[in-house]
Amino acid sequence: MEAVLGGPKPKALLAALVQARQVVSTERLVDLVWDDAPPQSANALVHTYISQLRRALAAVGEGAALVTRPPGYLLRVERGDTDLGDFESHLEAARAAERGLDHTAAAVRFEQALALWRGPAFGGVDAVFARTHAAGLEEDRLAAEESLARNRLALGMNHEVVSRLERLIADYPLREEATALLMRALHAVGRQVDALAAYRDLRTRLDDELGIEPGEPVRALHQSILDRTISPARPAESAPPGPAAVIAEVVEAAVASVAEPEVEVVPQHLPPDIGDFTGRDAELARILALAGSASDDGRTVTPVVVIAGVGGAGKSALAVHAAHRMRDLFPAGQLFADLRSSHGDLDAHEVLGRFLGTLGVPAADLPDSTDGRLELYRRKVAGRRLVIVLDNARGEHQVRRLLPGNPRCLVVITSRSRMSGLEAAESIELDVFDRSGAVEMLRRVVGAARVDAEPEAAATIASLCGGIPLALRVAAAKLLAKPHWPLKSMAVRLSNERRRLDELAVGDLTVRSSLRLNYADLDARHRRAFHLLTLLDLPDFGSWLAAPLLDIDLDDAEDVVERLVDLRLVDVIGIDAIGRIRYHFHDLVQLFGAELAADEPPAELAGALTRALATWTALVELSTRELPRITVRAEPVRTAAVELDPRLVTELADDPSGWLKSEQASVIRAVERAQRLGVDGALTAAMAAALSSGFAVRNEFDGWQRTQEAVLAAVRAQGDRHAEAAVLAGLGQLHYAKDEYAVAERCFTEAHDHAVATGNRTTAASALIGRGTVRRDQARFADARADLRAGLEIAEGVGDLVLAATAVYGLGAINRDTGALSTAREQLERAVELYRGLADRRGEALALRGLGLCARAVGDYDTALELDERAGVLLRAAGDELGAVYASQSAAKTLIRRGEPAGVEAILAACLEYCTKQGDGFGVALMTRTLGELALARGDLVAARDHLVFSLERWTAMNLDLWRARTLRDLAAAEPGPAGRARWELALELFTGLGAREAAELADLSPERWRAQVADRSL
C-alpha cells in the first residue's frame, strides 16, 4: 500500500526526515523546506504537515514511525526500510565483488541497485536540499551504470553493453567513462568505425560545450584502436556500420574528391576574424553542418544560410568567424561583400564586378551588363568550392542574383530581415546574449581578472547593455581605453537612462548608428507609432494599442506593429492568455525611440496618449464588471466616453480574467508613465480606480499601490482636490487590505477632509465608512460607531445603497462584538436585504457569515454552520476565493465548538496555505489561532500553545487588541499554572477595557474551566 503524502511541502518534510535519520529541529525543518526563506506561518505549517504525514503513515500501518522528539521530530526508519538504503547496500556489495574479480556477482548486484530506480530521486520535491542530494544520487546511479557495463564487458556480454550504453550516452553525452566503455564494446563486436565515431562525437561535444579535450585515458584508448594495439574483437557476430560511420565515410570520400582549382587565383576576401569571438556554439555548429552538405555530390541546390537578428546582435561576426573556420572545407577561397555601405545599398551589378575582379578578371574584361557579369561569375565559380558571405542584406532582391548556382559553394547571408522569401535557405535566428553569455564576452574582451574581481558590476553592465554584443563591445572598448576605471564606474554611467546611448559610443562603434539603419526605413506613420509606443515604455503590449495611439483601425494597427517587427525594432515575445500576440521593445531600442519621440508635437502627443488611456480604462472597467465589490466605493471620476471597437469588446467578453491577466502589467506601467508625462490626472485616476477591484480580489498589493501612488502624484501636481479625495480613499482601502491600519486611517481622514472641502459627499461617506471599518477592527468601538453612523446618514442622503449596506454591516459587526446580539442580528439581516437588492453576492455572503457568528455566539451551532456554508457558496460564485476561505474558517470553528473536529485540521491547513500565498497577514493569524483552538479542544496543549503563541505575535504586531485578548484567553487554557493565570487576567483586562462581550462571558470562569469547557465539546 502506498501512502498519500499530499503536496510538495509535506513531501519535502518527509524527505528531510528520511535523509537525516535522526532528530531534526523544527527550525531546521523550516529552513530546509522553505530554502531559508520561510513564510511567517512556517512553524504552524510544519505542525500541520507533521499531522498530515502521521495520518498518511498510519493509513499504511506505520503510524508509530514519526514521533515528536524535542526540539523537533524523528522518523524511525532503518537503512533497509527505504529504497535509498537498499540502493546503498547493493552498491557496497557490488563494489566489493568487483574488487574481488567476481564479475558475475558484481553485475547482479549492480543490476539490483539500478532496478530500484523508478524515476528521479526525490521526485516532486523542489527544495534545495533535496535537489542537492538528488544530484549526488544521480551521479551514483550513473557510476553504477558504468560499473555494470565494465563487469559485463569482462563477462563477454558485449552486445548488451552497446545497447545500454548508447541509451545512457544519448542522455549524458559528456561522460568520458561511459564513452570509453562503449568504444571498447563496439570494438569487441567488430564495429571499429563506430568506436572511432563515438570518440569523435565526445571530442566535439566537449570542445563545443566546455572548450576542453577528452582525458588521457580516452585519448589513449582511441589511439590504441587506430594503431590496432587494443585486444582484437572476438569474431563472433558482425554488425552493419552505424550511422556515425556512414557519415564519416561519406565526408572523407567527399573531401578526397575535391579537385584542384581550375584557376590559380584563390580569393582570400574575408575581413579579419575576431580574436575574442564569444558563444554562438549551436549556431556555428548548424553552419558547419550545412557546409558539410556542400560536399554531397547528389546536391543540385546551392546551400544557403541566412543569419537574421536585431542590429548589433553579432550577425556579421558569426558569419565571418564561421567562414574562417571553413577555410579547409572550401579551398577555392572566400568572397565577402557588405551590401549596405555608408553611401547606400550596393546592387548586384557592383557586387558582381567586385567579385569578378577578386576572382582574377581584369577590369577591362568586365561585362557592361549585369546579366553578362552574372553569367561570367557563375562560369568562374562553377565546380569550385567557395564560401560566399553577403553581409547586411536588406532583402531577398539584393541577394538573388549573387547566388552562384553551384551546389559545391556555401552562401552565408546576414540580414535584419528573416528573408523568408528566399527558397530553400536555412534560417538562423540570432538572439541577444543571456546574462552569462554577456558576462563571458566582457571577460574575453576586458580580461578575466577585471571581470572576476567585480562580478556584480559585470552582471550590471551585461544587463544594461541588454545582451547586445555591439553594446557590450562598446562598453568593453571604453573599459580597455580606461584601465584605471573599475567596472562599477561603467555600470554607474550606464545606469543613467538619459545618457546610456551616449555612453554606448566609442570611435566608429555606436549603438545609435546601428539602430538608425532600420529606423531610416520607416515612413511617417510607422515612425510615429515607434515614437509613441517606445515613449510608453511598457513591459509588453498587443498590436491593438497602436489603434487609439494613431487613431486608426485594428487591422491597420496590426500592420503597423508587424512592420516594426520586420525591421527588428520590436520583438515578438509570445502569445497571451487569450491568444493574442504580445510585443516588446529591447531596452536600448526603447531608449532610442523615446529620444526621438521628443520631436512629436506636444498637442498631438497628449491627444494620442489620452485616447490610448481612455480606451484602456473602458476595457479595464468591462473586464472587472463581474468581479465582486471588495473596496468601499468613492465617487467615480468622470471621463469622456470612448467608442470601443466591437472586436476588442468581444475578445474581452469571451475571457475577462484572461484579458486582465494579459494587460495588467502594461496597464500599471501605463498609469505610471501617464503621471510622468503629465497626462490628465482625472483620466489616470479613473484608470487606477477601475483596476482596484481586480487587485483587491487577488490581494495584488504591488500593482495596486503603484497605480494609486502614481495617480496621487498626478492629481496633486494638478491641484485637483476632488480627485485627490477619491484617490486617498482608494489608498485607505489598499492599506486596510495590507493590515496597515494606522496608514489606512490617515488616508481615510485626509480623503474625508478633501471631500468635505470640495463638496464631494459620496467620497466623504466612503472615507467615513472606511475609517469606521478600520477602527472597528481595532476594537475602537465608540469611534467606529460614530464614523459608520455619520457615513450611513450621508450615504442614505445621496441614495448610495452600496455605501449604506457597508455601513449597516459594520454597525452590526460592532454590536455583535460588544454583546448587543439582538441588535446585531437586525442590522446584519438588513445588510443581507440591501446587498441582495443590489445583486451583490459578496456583500450578501459577508452579512450571512456575520449572522452565522451571531448564532455561534449564542450556541446555535446548526444555524451557524448553515449560514457559513451558504456564505461560502455565494463567495465562490462571486469569485471571491479569499472571502470563501474565511467562510470555511467560520464553518471549521463552528464544528470545533459543536464537538465535531473530524476533518477540521485539513480544512484549516488549506485555509492557512491560501492566506499565506495571498500575503493575507490577518488571515494567517486567524487560521493559526483556529488551529490552536482545535488542538486545545483535542487536549494537545503543546500544539495548541505553538499555534496560539504564533498567532498572538501576529495580532500584537498588527495592534489588534480584541484578537490579542481572544488568543490570550485560549493560550491561558493551554498553559496550566501561574503563566496561564497571568495571561487570563490580561485577557480579561483587555476585554473589559474594550467593552467586548467576552468580558461578561468569562467573568465566572477560570483558565481550567475554560479548557474543560472547550474539551467537553470535542468528546
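Counting side-chain nitrogens of Lys or Arg within 4 Å of a carboxyl oxygen of Asp or Glu, the total in this structure comes to 70 salt bridges. The model is a predicted one, and the values below are computed from it. The briefing takes up individual salt bridges, then two open sheets, one of 3 strands with antiparallel pairing and one of 5 strands with parallel pairing, and finally a nonpolar patch on the surface.

**Salt bridges**

- Asp521 and Arg394 form a salt bridge in which the closest N and O atoms are 2.6 Å apart. This pair links distant parts of the chain, 127 residues apart, with Asp521 in the loop between α23 (511-519) and α24 (524-536) and Arg394 in the loop between β8 and α16 (396-399).
- Asp521 has a relative accessible area of 25% and is therefore partly exposed, and Arg394, with a relative accessible area of 28%, is likewise partly exposed.
- Asp787 forms a salt bridge with Arg775, where the closest N and O atoms lie 2.7 Å apart. Because Asp787 belongs to helix α36 (residues 781-798) and Arg775 to helix α35 (residues 761-777), the pair ties together parts that are 12 residues apart in sequence. Both Asp787 and Arg775 are buried.
- Asp970 and Arg929 meet through their side chains in a salt bridge of 2.9 Å, N to O. Here too distant parts of the chain are linked, since Asp970 sits in helix α45 (residues 961-974) and Arg929 in helix α43 (residues 921-938), 41 residues apart. Both Asp970 and Arg929 are buried.
- A network of salt bridges links Asp540, Asp576, Arg580, Arg582, Glu651 and Glu663.

**The antiparallel sheet**

- The 3 strands of this open sheet follow the order β1-β3-β2, and their pairing is antiparallel. β1 (24-25) and β2 (66-69) are at the edges and have a single partner strand each, so one side of each is left without a neighbour in the sheet.
- β2 is joined by 4 bridges to strand β3 (residues 72-75), the two running antiparallel, and together β2 and β3 make a hairpin with 2 residues between them.
- Within this pairing, Thr68 stands opposite Tyr73 in β3, while Arg69 stands opposite Gly72 in β3.
- Helix α3 (residues 42-59) lies across β2 and β3, and its direction runs at about 145° to β2.

**The parallel sheet**

- The 5 strands of this open sheet are ordered β5-β8-β9-β4-β10, with parallel pairing. β5 (334-338) and β10 (426-430) are the edge strands, each of which pairs on one side only, and the twist from one strand to the next averages 15°.
- Strand β4 (residues 304-309) and β10 run parallel and are joined by 5 bridges, and the bridge partner of Val305 in β10 is Glu426.
- Helix α14 (residues 348-358) packs on the sheet, where it touches β5 and β8 (387-393), and its direction makes about 150° with that of β5.

**The nonpolar surface patch**

- Leu174, Leu210 and Ile212 make a nonpolar surface patch of about 240 Å².
- Ile212 lies in the loop between α9 (192-210) and α10 (216-226). A residue must have over 30% relative accessible area to be part of such a patch, and Ile212, which is partly exposed, has a relative accessible area of 38%.

Key
Residues numbered from 1 in each chain as written. Predicted model: local features only at pLDDT ≥ 70, side-chain atom pairs only at ≥ 80, totals over all residues. Heavy atoms only, no water. Patch = residues over 30% accessible without salt bridge, like charges linked within 9 Å, V, L, I, M, F, W, Y side chains within 5 Å. Areas by Shrake-Rupley, 256 points an atom, 1.4 Å probe, with all protein chains shown as cover. Buried < 20%, exposed > 50% of the residue type's maximum accessible area, 1.4 Å probe, protein only. Pairing = 2+ DSSP bridges. Contact = heavy atoms within 4.5 Å. Axes fitted to C-alpha atoms, helices over the stretch in contact; angles between N-to-C directions.
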